[in-house]
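Visitor: I'd like to learn how to read a structure like this one. Could you walk me through it, one feature at a time?

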Amino acid sequence: MTNPNGYTTKSNIVAGGNGRPSVTATINGQQVKVPEGTTILDAARLLHVEIPTLCKHADLDPTAACGLCIVKAKGSSKMLRACCTPVEKGMEITTHDAEIVEVRRTVVELILSKHPNDCLTCGRNQNCELQTIASDFGIRQAVMPSIAKDFELDVSTAALTLDPSKCISCGRCVHVCQDIQNVHALCFLGRGYETQIAPAGVSLGESPCVKCGQCSAHCPTGAIFEFDETWRTWDFLKDPELFTVVQIAPSVRVAIGEAFGLQPGTNLTGQLYAALRRLGFDAIFDTNFGADVTILEEGSEFIQRFMHSRGELPLITSCCPAWVDFMEKFHGDMIGHFSTCKSPHEIVGVLAKTYYAEKTGLDPARIRCVSIMPCTAKKWEIGRHESMYASGYQDVDVSLTTRELARMIKQAGIAFLDLEEEECDPILGDYTGAGTIFGVTGGVMEAALRTAADLITGETLEQLEYTGVRGLEGVKEAEVEIAGRTVRVAVAHGLGHVESVLHRVREAKENGEEPPYHFVEVMACPGGCVGGGGQPYGVTNDVRMARARGLYSDDERRKLRKSHENPHVKRLYDGFLKEPLGRKAHELLHTKYQARLTYAR
Amino acid sequence: MSDVVMVPDISRTVQKWRKKRGSLIMALHEVQNRYGYVPRNVSLQLAQLMDVPLARIYEVVTFYNYFNLEPPGRNNVSVCLGTACYLKGAPDIFDSLKEVLGLEDGGTTGDGEFHLQSVRCVGCCGLAPVVVMNGQTLSKVRPGDAKDITARAKKKE
């Protein structure tokens, strides 16, 4: 059957609605039955109709800012915005016709009139949502006179680049920063044409910004993107005097493929090792090894506090730098709860310039350490405290995001997808399944429980998987029996979910009650590092889950799945560190925290 | 940055709106009326007192014309650009005031003498075009009056 708009009608589409009453309407002549409250935008997707939008993001509530998603509804004199209009009973909606396309083209032209024509030198060239839409609409010339303004770049965080001239005021970054992350660094200043997205009266570096980079992951254009340090890395690689080592974070291996057209979750560990070797790095390490070491230190800290009452409970994880920054700025009273253990990449960094240097006879002054991270906050972390120079040098010299590495691989002309898998280099690379799941929310907790359970009971337990801490629920709570005692744990991801957990901890403290939890894991980004601010663009919960599955299957494939069983970690302790939480371990692998002001001025 | 400290009576009045939804704007009115602008460190204190992010305060302050982030001049000149005044030639008056004072919209002279701003309808369209000088409404102003208006203000001091 063909309707007046030329769309062929197939079977009726019905969507599941969790018991909500459903409404039936037609979109482009095709009947659709959706749960009450479903927006026209979402209902259209069920019919494989894509309505363009620049402001709506799957993670965020609609704001109707951009005006691209307008549709017609029979009987309505004005066009409706599909992103924020729920389907009503009997609605007859048209999403595309000549007039709608014309209106949308005008909207695009209006947006472009306020946007510089800088595509070739823009940080989002080739993966910009505005560029794609302009291309789809075949805009060949500026119809409206340009009112684009020049602004100075804000690179004060040295983690993110804020370029307000590219901003289309869609508001995604503000909503992520305020509603999802509860940071409130970015806000709308002014109104109308004058609207600017910026911190309240200071630079980003002086604001409460925690550098999580979720703004950059959600920005549809080049208004916020990672602070590029690929050139510094190239400088290391071209200097024959230097010995440059590199490490990759857990979640990078299951996301970088997306930058080369592969599905999210494709595990490319072996190809990454090969590509890094071809880029000219002198030794290829893996942050997963550092994660295994983290577990020995942090797991031992937990046992100290839980079994021997030495230190405050709950113990709170500290491997996420944006979370560390957030805690120091907003929750300084929690410092005593924080694990003092450094994050995995800092551990690999300091060990590269001490342990590895000693073993290989290299002068640590000649070693440069580059980390490939899913994260923009890691760029800040590498200089955040004097303990990040524990080797006598800066332990990690440069931290690149997944996106930056993808560009370097392309610059180097490496046919990434054709590479044979290779191995990493000894002695800071081999990892267990526990190390690799650090990249997903709940992973650090699960890895720590695997080791803590064995160490507390003194047995090798069969239990490996703690599924209660997996998944994308904002706060996950679980109870685990270890040696006849109940361990209460909580896992939060997305900084907006932290407040309720900390509130319970504080309340119990004030009332002199048992702490509600013994162990708490927090990751700043929704989904954990798989959803990190430095990962390839286009993240949604489906993408986060696919990347997480990639890591869990990496874990399942490993012969060794508990950090303390890693033979290279055992050797590190036997021959160098001696024991977890020992003097040397404290010198090299631990850090300190300090309460900070949210605004520097 | 100025070192203005929130005076106790303001901090008391602000307390009464604490945690009441939608009351930020009332508190900001109080601050604006007291200081003639919203000083940054008062905003910072307000954020703490009312448990509102500073970002939200700045969003409100920069959205409404009523609030200023910079200290006003000793003489405040507001030119109405509301519909009636606009049609009666307010843009020309605004331009000549800009020229006489050497200011853009929202600017303050280097000596702190004059602050010039445009406002939307001040509610006396019958007198259009209107300029409000230090709270006093001047009616049926002509572009040629700009020099006179500013000179009179100086004399009064």
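Guide: Sure, and let's begin with domains: their bounds come from an automatic or database domain assignment. For chain A that assignment gives domain 1 (13-96), domain 2 (121-127 + 142-226) and domain 3 (231-589). Keep in mind that this is a predicted model, where local features need pLDDT of at least 70, side-chain atom pairs count only at pLDDT 80 or more, and totals for chains, interfaces and linings use all residues. Residues are numbered from 1 along each chain as its sequence is written, while chains are lettered from A and ligands numbered from 1 in the order in which they are written.

Visitor: How many residues does each side bring to the contact between domain 1 and domain 2 of chain A?

Guide: Two residues are in contact if their C-beta atoms, placed from the backbone, lie within 7 Å. Here domain 1 of chain A brings 8 residues and domain 2 of chain A brings 10 residues. The centres of these two domains, taken over C-alpha atoms, are 29 Å apart.

Visitor: And what about chain B: which domains does the assignment give there?

Guide: It gives domain 1 (8-63) and domain 2 (75-156) of chain B. Their centres, over C-alpha atoms, are separated by 28 Å.

Visitor: How do I judge the overall form of chain A?

Guide: One tool is the radius of gyration, taken over C-alpha atoms and set against the globule rule, which is 2.2 Å times the number of residues to the power 0.38. Chain A has a radius of gyration of 25 Å, close to the 25 Å that the rule gives for 601 residues, so it is as compact as a globular protein of that length. Its C-alpha trace spans about 75 × 55 × 50 Å along the principal axes.

Visitor: What share of chain A counts as buried?

Guide: A residue is buried if 20 or more other C-beta atoms lie within 10 Å of its own, exposed if 12 or fewer, and partly exposed in between, with C-beta atoms placed from the backbone. In chain A, 53% of the 601 residues count as buried. Also, among contacts in chain A with a separation of 6 or more, 72% come from residues 24 or more positions apart.

Visitor: Now the helices and strands, please. How many of each does chain A have?

Guide: Helices (H or I, at least four residues) and strands (E, at least two) are DSSP runs, numbered from the N terminus. Chain A has 18 helices and 18 strands.

Visitor: How do strands become a sheet?

Guide: Two strands pair if DSSP finds at least two bridges between them. For a small case, strand S2 (residues 22-27) and strand S3 (residues 30-35) of chain A pair in the antiparallel sense over 6 bridges. They make a hairpin with 2 residues between them, and Asn28(A) in the turn has a positive phi of about 50°. Ile27(A) has Gln30(A) in S3(A) as its bridge partner.

Visitor: In what order do the strands of the parallel open sheet run?

Guide: The order is S12-S11-S14-S15 (chain A), 4 strands in parallel pairing. Strand S12 (283-286) and strand S15 (398-401) of chain A are at the edges with a single partner strand each, so one side of each is left without a neighbour in the sheet. For angles, axes are lines fitted to C-alpha atoms, for helices over the stretch in contact, and angles run from 0 to 180 degrees between N-to-C directions. From one strand to the next, the twist averages 25°. S12(A) is joined to strand S11 (residues 243-248) of chain A by 4 bridges, and Ile248(A) stands opposite Asp286(A) in S12(A). Helix H10 (residues 344-360) of chain A packs on this sheet, touching S11, S12 and S14 of chain A, and its direction makes about 155° with that of S14(A).

Visitor: Last one: where do the two chains meet, and which element of chain B gives the most?

Guide: The contact takes 10 residues from chain B and 11 residues from chain A. On the chain B side, H4(B) gives the most, with 6 residues. H4(B) is mostly covered, with 7 of its 10 residues buried; among them are Leu54(B), Ile57(B) and Tyr58(B). What covers these buried residues includes helix H4 (172-180) and strand S8 (187-189) of chain A, together with helix H2 (24-35) and H3 of chain B.
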